[in-house]
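Welcome! Have a look at the sequence and the 3D structure below, and then we can walk through them together.

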Amino acid sequence: LTACRRLQSSLKPHPLCARSSSSPGATAGMSEQNTPSSDQALYQAPPSVRGMTVLDREAFTQTVTVPALLVPTGLVNRALKSLKKLTLQRPGVKRVVEEEGCGETHKLVLLDPRVSSLDAIAGTGLQDLGVASEIRHFALRLTYDNLRSEEVLRAVLPDGHDVTSGFSRVGHIAHMNLRDHQLPYRNLIGQVIMDKNPGVTCVVNKTNSIDSTYRHFSMELLAGEDNMVAKVRENGLLYEFDFSRVYWNPRLSTEHERIVSQLRREDVVVDVFAGVGPFAVPAARRGCAVFANDLNPESFRWLQHNSRINKVTDKVTAFNLDGRDFIRGPVRDLLPDLLRAKTSVHVVMNLPALAIDFLDSFRGLLAHEPGVGVACEGTLPRVHCYSFSKDDAPQRDVVRRAAASLGAELDGVCSVHMVRNVAPNKEMLCVSFTLPKEVVFSDTHPSSGEKHTHFLRFTLYHTIFIYKAL
Ligand SMILES: C[S@@+](CC[C@H](N)C(=O)[O-])C[C@H]1O[C@@H](n2cnc3c(N)ncnc32)[C@H](O)[C@@H]1O
């Protein structure tokens, strides 16, 4: 600041300019306060915008002062190249401007507000060309369009309040998680996010915690169109779904890719908690036969839709069942033939809050087919089961809980992958293992009534068989 003030007082008008930066016109509105010293100081919002809840874009217009170099027109490109990041970087602001009275011979190159003396440009070689003999100042009209969302929000929200405006992007939807103190400004925040992020036409706020069963959020519209049907691309494939009614997390794309990359085209995939298909659809595109299930009727519908738009309906069979019923129904019916044929089966279980509890569904799953056990040595399904953990040793924690639910030791025969840090002290992990033979063929199952279910299935199949025969 001191250097800048010293420079200001020593500014001399350029002989070619009728109006110099030190003339009253060019420095109009310049004060101690908005003398450039840092990028933050570039924009000091008018006090009138503080506390605004309905966005008035005009109220943000202000004239600020930025440093500039007077450069002969023929050397402007050379100067821009040499100055690189030392020039002013602002959305929608031209870095090269006319200086009144200089005609066509010279232009002003606007500099980053942090450039307060000629020292900053010493290494650029411009002084050797004789173009940078002094730092001038330029009165720049900044409008709402030239401000970043953080600057607008910092100006509006009560002084000292956190203005974090991060969001997840799901197609045209920006999904925010506002804090209590931001709620009075929520519609304005939504509008600013929409204005500043091309392609965002709808901003929503998470209103409470994730829906416990179907894992989707309750949300309120903050700004833009009330259209929750999103179109997103993930790993090269297209997905469409109603974001207000199904689960979708853009942070899982790497994990989806990680699992799918392990598949060979002749493998079979069983997706117990499939959502709208981010494992199932790419697996099918890879050539695998996929049996995908979700309890949420909306997810089931969009899963079928996504299979259609990605042209894999012949590969994906969709179910709308509880995960346990899916495993102990269609999956149990499929497995014997797959295992006899020595097909590799991957079972994906991505319901991190609960999936481990579903592992007991595999106990005694093929107890009624003891013969298969001999044939399928070494080719039992490989399970990829997700879980959250808040434990100090999350890997050990998920392996211990998975083993307890399964009723078999997993130490040394499983691998654990850290998927992501969900919150401070909360990890999401994936434990992968081949289903132990003694689990699948054991003749005990924790749920009572199992024999009854067997009997019902047996009766049902025979009824269908007799009916068909007739
Ligand atoms: C965390 S999401 C995962 C979706 C998808 N696999 C993904 O990776 O994005 C879990 C899914 O499980 C479904 N779900 C919840 N409880 C279920 C249950 N008991 N049986 C089957 N699906 C269930 C939810 O509807 C949700 O779509």
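The report below goes from the whole chain to its core, one helix and the surroundings of the ligand.

Please keep in mind that this is a predicted model. The chain has 470 residues, and buried residues make up 39% of them. Its secondary structure comes to 13 helices and 17 strands. Among contacts with a separation of 6 or more, 68% join residues that are 24 or more positions apart.

Let us step inside. In soluble globular proteins, nonpolar side chains tend to be buried together. Here, the largest nonpolar core holds 120 residues. Within this core, A280, V290, M349 and A402 have the most contacts. Take A280: setting aside residues up to four places away in sequence, A280 touches V269, D271, A274, V290, A292, L303 and V316.

A good helix to look at is α5, which spans residues 186–196. Which residues of α5 are buried? They are L188, I189, G190, V192, I193 and M194. An α-helix has 3.6 residues a turn, so residues three or four places apart point the same way. The buried residues of α5 pack against the helix α4 (149–156) and against the strands β5 (167–170), β6 (173–176), β7 (202–206) and β8 (219–224).

Now for the ligand. There are 20 residues around it, and F273, G275, L295, N296 and G323 come nearest. By kind, the shell around the ligand divides into nine nonpolar, eight polar and three charged residues. Domain 2 (164–227) and domain 3 (249–469) each supply at least three residues to this shell.

The UniProt record, an unreviewed entry, adds a "binding site" annotation that covers H256, D294, L295, D322, G323 and N350. Two of the annotated residues, L295 and D322, are set side by side here.

| Residue | Loop between | C-beta neighbours within 10 Å |
|---|---|---|
| L295 | β12 (289–293) and α8 (297–309) | 20 neighbours |
| D322 | β13 (316–319) and α9 (323–340) | 16 neighbours |

Is L295 buried or exposed? L295 counts as buried because 20 C-beta neighbours lie inside 10 Å. D322 is partly exposed, because 16 other C-beta atoms lie within 10 Å of its own. The two residues also meet: leaving aside neighbours within four places in sequence, L295 is in contact with N320, L321, D322 and G323. G323 is also one of the residues that come nearest to the ligand, and the UniProt annotation covers G323 too.

Key:
Residues numbered from 1 in each chain as written. Predicted model: local features only at pLDDT ≥ 70, side-chain atom pairs only at ≥ 80, totals over all residues. Near = placed C-beta within 6 Å. Nonpolar A, V, L, I, M, F, W, Y, C, P; charged D, E, K, R; others polar. Domains from an automatic or database assignment. Core = buried A, V, L, I, M, F, W, Y, C linked by C-beta atoms within 7 Å. Buried ≥ 20, exposed ≤ 12 C-beta atoms within 10 Å, placed from the backbone. Contact = placed C-beta atoms within 7 Å. Helix = DSSP H or I, 4+ residues; strand = E, 2+ residues; numbered from the N terminus. UniProt positions renumbered as here; feature names shortened; annotations may be inferred.
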